[in-house]
Amino acid sequence: MKFNKFGLVLASLTVSMVGIGSTASSAQAASFFGEDLQNFASPSSEDRAKDAPDLGILKNSYAAEQSFLDALAGRSFGTLNFERSEGFTQLNKKNQAFNYDYDLMKADGSTETMNISDPNSGPNYLSTTIQKTNGSSNGRNTNLAGGRYGISDAGLTKQQRMNNQFLNTNAGKDSNLEFSFSEAVSAFGFYGTDFERGALMGVEFTRVDGSRKYINLDLTNAQDYKDRGDTIRGTAFYSGYIADSQEDYFTKVRFDIRDAEAGTNDIIAFDRMTFAAAAPKAVPEPGVGFLALGAVLSGAAFKRRKQS
């Protein structure tokens, strides 16, 4: 996917430096965040949402993503969109464990594998599924009307937006969606939608040495709007995290997803997930007369390996 530089909405972009604990390294990690509030009408009303916002509208989230991607210069990375072209052909596979392996081909020709898993299964779970924006994942409430949709580039047709797929999971059963990597990675970013009732409490990164770092996301509290008679629904956000030292690279990402309102069993969505391989080691400057050959590949394709 081609990304264009976006230079607006700087005031709404949050870029923070996060301390890395008590290691010998004094390096800091960069955290990126942008949020776009939406006011979709009730899914059961005649005014319910009939089209999904694209990145021409979700400007704060898009600006955060672009800043995150710019910061990955020199690293092999790829972005997973959960589309049919990437192997996600089975939709609405409910109440079953979710398990996918995907490969990132790195600049040096080696492969990095990301495993996506949600072990939740059984009659009381929606569990993790792949959905279309114009699909239905919970009775008669369509995904779009309920506030869940795939993230589309600006300029696509409505039909393309409606066909956009995303990763769908439920917050009501405290789902633990995990992403594991065959080798240490240095960065991870993603979009989320419809977190007004279901709440992503935080993201946990497991480092190579087994220690963990937990990051809370500063999402807007929907209750504040409800208290004054307003409603937010269909809100989108982007969050990106970059570890800035080898000691802080990580091999697992776990989403800590919980129900913000007891008993709602709310459903939430993820899309456009990016992970980056470990940054290349510094190379001494070449001697006079030596020509540098090319640049490190920064965008890499995913290749589907297996599905179970």
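**Exercise 1. The largest nonpolar core**

Find how many residues the largest nonpolar core has in this predicted model, and which strand supplies the largest share.

Solution.
Step 1. The largest nonpolar core has 36 residues.
Step 2. Those with the most contacts inside this core are L167, F179, F188, F190, F255, F270 and M273.
Step 3. At least two residues of the core come from each of β4, β5 (111–118), β10 (176–193), β11 (198–207), β13 (236–242), β14 (250–259) and β15 (267–277).
Step 4. β10 gives the largest share, six residues.

**Exercise 2. The surroundings of F179**

List the residues in contact with F179, leaving aside its neighbours within four places in sequence.

Solution.
Step 1. Contact means heavy atoms within 4.5 Å.
Step 2. With those neighbours left aside, F179 is in contact with M114, N115, I116, L167, F188, T251, K252, V253, F255 and M273.
Step 3. L167, F188, F255 and M273 are, like F179, listed among the core residues with the most contacts inside the core.
Step 4. There is also a second, separate core of 23 residues, which includes A30, F40, A64 and A187.

**Exercise 3. Two aromatic pairs**

Classify the pairs F88–Y102 and Y241–F250 as stacked, tilted or edge-to-face.

Solution.
Step 1. A pair of aromatic rings is described by the distance of the centres and the angle of the planes.
Step 2. The count of aromatic pairs in the model is 26.
Step 3. For F88 and Y102, the centres are 5.0 Å apart and the planes differ by 10°. Planes under 30 degrees apart count as stacked, so this pair is stacked.
Step 4. F88 lies in the loop between β3 (77–80) and β4 (98–105), and Y102 lies in strand β4, so the pair ties together parts that are 14 residues apart in sequence. F88 and Y102 are both buried.
Step 5. For Y241 and F250, the distance is 6.0 Å centre to centre and the angle between the planes is 50°. This pair is tilted. Both Y241 and F250 are buried.

**Exercise 4. The position of A279**

Decide whether A279 is buried, partly exposed or exposed, and describe its surroundings.

Solution.
Step 1. A279 is found in the loop between β15 and β16 (302–307).
Step 2. The relative accessible area of A279 is 22%. Buried means under 20% and exposed means over 50%, so A279 is partly exposed.
Step 3. Outside its neighbours within four places in sequence, A279 is in contact with R75, S186 and Y249.
Step 4. A279 and L72 are 207 residues apart in sequence, while their C-alpha atoms are 8.5 Å apart in space.

Conventions
Residues numbered from 1 in each chain as written. Predicted model: local features only at pLDDT ≥ 70, side-chain atom pairs only at ≥ 80, totals over all residues. Heavy atoms only, no water. Phe/Tyr/Trp six-rings, centres within 6.5 Å; stacked < 30°, edge-to-face > 60°. Helix = DSSP H or I, 4+ residues; strand = E, 2+ residues; numbered from the N terminus. Buried < 20%, exposed > 50% of the residue type's maximum accessible area, 1.4 Å probe, protein only. Core = buried A, V, L, I, M, F, W, Y, C linked by side-chain atoms within 4.5 Å.
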